[in-house]
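I am opening a fresh page for this structure and will set down, entry by entry, what I looked up and what came back.

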Amino acid sequence: MRERILVTGGAGYIGSNIAAALSNRPGTDVLVVDDFSSGDWRNLIHVDCEVRACDCADPALLEEIAAGAFAAVFHEAAITDTTIMDQRRMVEVNTNAFASILKASCTSGTRVIYASSAGTYGNSPAPNRVGHGEEPENIYGFSKLAMDRVAARWYERHPAVLIGLRYFNVYGPGETHKNEKDGNKTASMILQLYEQRKAGKPPRLFKYGEQKRDFVYIRDVVNANLAALNAPRSGVCNVGSGRARTFNDIVDILSDNLNNRMETIYFDNPHSFYQEHTEADLTDSNIILGWQPEWSLEDGMKEYITLLEQGHRGPLEIY
Ligand SMILES: NC(=O)c1ccc[n+]([C@@H]2O[C@H](COP(=O)([O-])OP(=O)(O)OC[C@H]3O[C@@H](n4cnc5c(N)ncnc54)[C@H](O)[C@@H]3O)[C@@H](O)[C@H]2O)c1
């Protein structure tokens with residue numbers, strides 16, 4: 001019997017990597033659903049899957065979920081631009097749609113694995129631990145925390161396992177489209193600094209580049225999603241490397257890999273809100289998912305930069 005798995009937001013960065021990994025899995029058929037609001041068709045060129053352009057809460061799709069058409073749902077669709085301030089739109093797209101998916105999945109008993117975010121922690125002191133310091137600083141982070149709360153209300157009465165994954169700063173192949181939008185560039189700092197360097201420009205960082213982030217490589221993120229397929233109970237899990245690194249570290253690793261060093265230009269941070277330090281506590285992730293990250297920033301950036309130098313775009317093809 002073949003298994004059909006739904007990936008919402010599958011034309012986006014993380015969704016296309018999950019779809020690529022699932023499509024390599026024996027006996028698995030993948031349906032990607034995307035409204036193409038921020039995703040890109042080019043991410044799916046080499047992914048063997050069915051594609052449907054529609055909203056992730058499209059009534060016909062919800063009926064299919066309720067009828068048990070899918071062995072599991074990976075829900076990645078969301079407004080992902082954290083600078084969008086339209087509160088109603090953010091909650092409608094991110095939270096309401098997810099609530100509809102959970103309701104439909106309850107009817108059929110379908111497992112749902114969904115993307116939450118480290119944005120739920122706002123500027124709370126690191127290490128960031130599920131159930132502690134959840135004080136989002138923007139409507140995006142709030143919409144993700146609201147998703148976790150909706151899911152928690154279903155835990156007792158939902159026949160299947162529900163897993164929320166709080167991604168930290170994800171980087172790696174498949175995010176190029178995020179830097180090609182007009183105006184706001186939303187790709188990882190790793191890609192942004194790489195592109196600046198390739199344009200012959202010196203690295204530019206907020207003063208003095210010592211802000212720390214938990215950067216997690218896309219392979220680890222996909223592996224956490226796949227591990228969630230076997231998680232024995234519902235819950236929310238952090239998905240990070242478990243180690244905070246500075247923006248100066250990224251510039252150094254980039255310089256080492258490109259064999260070219262340029263003086264960093266430091267400038268004043270114009271944002272009133274800015275996370276100074278994020279770092280995932282992985283205790284619950286180890287227990288619930290039986291997963292832990294395997295890629296150091298040095299190793300992840302090395303593979304990523306090698307692929308960028310070869311002109312690769314789109315998700316990783318080999319998982
Ligand atoms: N990239 C990160 O570092 C990061 C960190 C934390 C959380 N996340 C979460 O991970 C998920 C995937 O993010 P990403 O980085 O791949 O971003 P992305 O923008 O590349 O992917 C999101 C995808 O969802 C699609 N989409 C948006 N609204 C939709 C709707 N209503 N119906 C159907 N499709 C819709 C977009 O077109 C896009 O393809 C999101 O839920 C995001 O909030 C990402």
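**Entry 1, the shell around the ligand.** I asked which element gives the most to the shell around the ligand, and found that β5 does, with three residues. I note at the outset that this is a predicted model, and that every value below is computed from it. Three elements, namely α1 (13-23), β5 (111-117) and α4 (139-154), each supply at least two residues of that shell. When I listed the 29 residues around the ligand, the ones that come nearest were D34, S38, T80, Y140 and K178. Sorting the shell by class, I counted 14 nonpolar, nine polar and six charged residues.

**Entry 2, polar atoms facing the ligand.** I then went through individual atom pairs, beginning with the backbone. A polar backbone atom of D35 is 3.1 Å from a nitrogen atom of the ligand, and a backbone N or O atom of C56 lies 2.9 Å from a nitrogen atom of the ligand. For a side chain I turned to H177, where an N or O atom is 2.8 Å from an oxygen atom of the ligand. Of the 820 Å² of accessible area that the ligand has on its own, the protein covers 94%.

**Entry 3, salt bridges.** How many salt bridges does a search of the whole structure find? My search returned 19, and I followed a few of them by hand.

In one of them the side chains of E180 and R42 meet, at 3.6 Å from N to O. This pair links distant parts of the chain, since E180 is in the loop between β7 (169-171) and α5 (189-198) while R42 is in the loop between β2 and β3, 138 residues apart. Is E180 buried or partly exposed? With a relative accessible area of 41%, E180 is partly exposed, and R42, at 31% relative accessibility, also counts as partly exposed.

The side chains of D148 and R166 meet in another salt bridge, at 2.8 Å from N to O. Here D148 belongs to helix α4 and R166 to strand β6 (residues 162-167), so that the pair, 18 residues apart, again links distant parts of the chain. Both D148 and R166 are buried.

I also checked E298, which forms a salt bridge with R245, the closest N and O atoms being 2.8 Å apart. E298 is in helix α9 (residues 297-309) and R245 in strand β11 (residues 244-246), 53 residues apart, and this pair too links distant parts of the chain. The two partners fall into separate burial classes: E298 counts as partly exposed because its relative accessibility is 34%, whereas R245 counts as buried because its value is 10%. Beyond single pairs, I noted that R4, E50, R52 and E64 are joined into one network by salt bridges that share partners.

**Entry 4, a covered helix.** I looked next at helix α6 (residues 218-228), which is mostly covered, with nine of its 11 residues buried. Among the buried residues of α6 I wrote down the nonpolar I218, V221 and V222, as well as the charged R219 and D220.

**Entry 5, a nonpolar patch.** Last, I looked for nonpolar side chains on the surface and found a patch of about 400 Å² made by F36, W41, I45 and V51. I located I45 in the loop between β2 (28-34) and β3 (50-53), and the loop between β2 and β3 also holds R42 of the pair with E180.

Notes:
Residues are numbered from 1 along each chain as its sequence is written. This is a predicted model: local features need pLDDT of at least 70, side-chain atom pairs count only at pLDDT 80 or more; totals for chains, interfaces and linings use all residues. Side-chain values use heavy atoms; hydrogens and water are left out. A residue is near a molecule or strand if one of its heavy atoms lies within 4 Å of it. A polar contact is a pair of N or O atoms within 3.5 Å; within protein, one must be able to donate a hydrogen and the other to accept it, and residues adjacent in sequence count only if both atoms are side-chain atoms. Accessible areas come from the Shrake-Rupley method with a 1.4 Å probe; for residues, only the protein chains shown count as cover. Buried means under 20% relative accessible area, exposed over 50%, partly exposed in between (1.4 Å probe, protein chains only). Patches are made of residues with over 30% relative accessible area and no salt bridge: like charges are joined within 9 Å, nonpolar side chains (Val, Leu, Ile, Met, Phe, Trp, Tyr) within 5 Å. A salt bridge is a side-chain nitrogen of Lys or Arg within 4 Å of a carboxyl oxygen of Asp or Glu.
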